[in-house]
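Here is a short briefing on how two parts of one protein chain meet. Take a look at the structure first.

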Amino acid sequence: MPQNLMLINGNWCPASSGRTFPVYNPRDETIISHVPAADTPDVETAVRAADAAFSEWSSMNPFRRGSLLRQASERILTKKEEIGRLMALEQGKSLQEATGEVVKGADILRYYAEEGERIYGRIIANDDNATVSKVIYQPLGVAAAISPWNYPVELLAWKVGAALAAGCTIVCKLPSETPLSPLAFLECLQETGLPPGTVNGITGSGSVVGPVLVRHPLVKKVAFTGSTEVGKTVLGYCTENLTKASMELGGSLPMLVFDDCRLDAAVKGAVRRSFRNMGQICIAVNRIYVQRGIYDQFVSRMSEQTQKLVIGEGILSPADLGPMCTAKGRNTVQTHIDDALSKGAVLKCGGKIPGGFSRGHWYEPTVLANVSHDMLIMQEETFGPAAGIMPFDTLAEAVGLANDTLYGLAAMVYTQNLTTAETCARQIDAGNIAINNPDPGVINAPYGGVKASGFGKEHGPEGLYEYLHAKHVRVRVLDEQT
Ligand code: NAD
């Protein structure tokens, strides 16, 4: 990938201003690279390029589009180590995790290559036999994708795969903290021979590039993943041209653990979902509600397992956890922990910067017991490696606590009782519920939140149809008598 450049209209180019900004390694805050600081003229060029490419791309046979996406997927797999290394360097996750994410990105393109070949319409009978209604699905036009740094390739792939398979062209505003791996991902798409302008990747500040991109009248669809706060601002921009939007926003996921659960599975799920990627995942769990009969056992088992997680550099040597991506994120974690401790929580493990890591954004995975529902960790999105565990007595109480939040992205439930599981699945206000497992998202089933976690879906056919509009065509066959 060319150094210090971004992808516009099939070319690797600097910002029109010539300005750049640095990309840091969160392990020690050293500068890894610089990328262009795009501004209004660059966004304008990218959107116009995507608009110019739309005619060719949208009229291309879906099987040909599918074939190009499959080729891109293959190409990404051949470069998984290279792209994974960039991601590990800029994001802080281990090389193994990063490479796994790149493989997922390739899988997503392959999935949407195939789903795009299955965009079917409908034939609807009318009240006279001479007339028939047809519903056809057509691509919306230029899509704008804005995504965050926690899963720099995967979250982008959801948008790029679905948009391209639907026949839309796309301009991606890449995350400022982690632009290198998404640029390398987009390069693989470009190298398979997509028409210039079909995929564009621009780097720059969200508050500079974002408004220009989202407000552009040629942009017909906005796919945003990020915080609820910024999502509301972006949605405000969308109202100016009534641009269709999907919003994948923040979450504050509850995990409910019932007395009758398989405790080993629940503890394993809790540790994975609280600390994977240093808790910087939209479906991370920060608030765990455990039924009183197994509360003490759960707390001690979870603390024990958490302390076994290996913190380390993760590229040259394997590690379960690396640094957090940003200093701001680590400050939020510390604030939530301090708030909990000041209100009477008990620190079971973690709660500090690990020894030997004086530079970078390191933090120990933290388990807090005796938390109460009014603490920040139970109310807000921590987006970092800290989990509070609180006891409950009844199913109704647990569901009430789970729902007592602004958010509604996902929830996890551990129980072996079918009625308990079904009640939680039906009564918890969230877009995704995982029962006896910690992974509520798979690529071929719809994913997305309710309430302040946003609206619209990614994954599955639903994710594809976000980039299409349904057109009703009513046809009358005129015979000689008509
Ligand atoms: P963020 O909202 O700060 O930024 C998200 C993206 O928006 C970035 O690319 C940023 O540059 C851009 N941006 C910033 N200001 C903008 C503006 N005014 N106009 C347009 N774009 C702008 O979020 P973050 O800190 O990068 O990511 C963490 C958040 O993302 C968390 O809240 C997390 O829950 C959420 N998230 C949600 C999902 C989901 O699927 N629901 C997935 C991953 C992350």
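Which side chain meets arginine 276 in a salt bridge? Glutamate 97 does, at 3.1 Å from N to O. Keep in mind that this is a predicted model. The points below cover the two domains and the interface between them.

**The two domains**
- The domain assignment splits the protein chain into domain 1 (6-249 + 449-471) and domain 2 (253-435).
- Their contact draws 28 residues from domain 1 and 28 residues from domain 2.
- The C-alpha centres of domain 1 and domain 2 are 31 Å apart.

**Buried area**
- About 2300 Å² is buried between domain 1 and domain 2.
- Carbon and sulfur atoms carry 54% of that area.
- Arg27, Trp149 and Lys451 lose the most area on the domain 1 side. Together they account for 24% of what that side buries.

**Polar links**
- The interface of domain 1 and domain 2 has 1 salt bridge by the rule used.
- Between domain 1 and domain 2, 16 residue pairs are in polar contact, with both residues at pLDDT 80 or more.

**The domain 1 side**
- Three elements each give at least two residues to the side of domain 1 that touches domain 2: α3 (80-91), α4 (95-115) and β20 (450-451).
- The largest share of this side comes from α3, with 5 residues.
- By class, this side of domain 1 holds 11 charged, 9 nonpolar and 8 polar residues.

How values were computed
Residues numbered from 1 in each chain as written. Predicted model: local features only at pLDDT ≥ 70, side-chain atom pairs only at ≥ 80, totals over all residues. Heavy atoms only, no water. Domains from an automatic or database assignment. Contact = heavy atoms within 4.5 Å. Buried area = accessible area lost by both parts, 1.4 Å probe. Salt bridge = Lys/Arg side-chain N within 4 Å of Asp/Glu carboxyl O. Polar contact = N/O pair within 3.5 Å; in protein donor to acceptor, adjacent residues only side chain to side chain. Helix = DSSP H or I, 4+ residues; strand = E, 2+ residues; numbered from the N terminus. Nonpolar A, V, L, I, M, F, W, Y, C, P; charged D, E, K, R; others polar.
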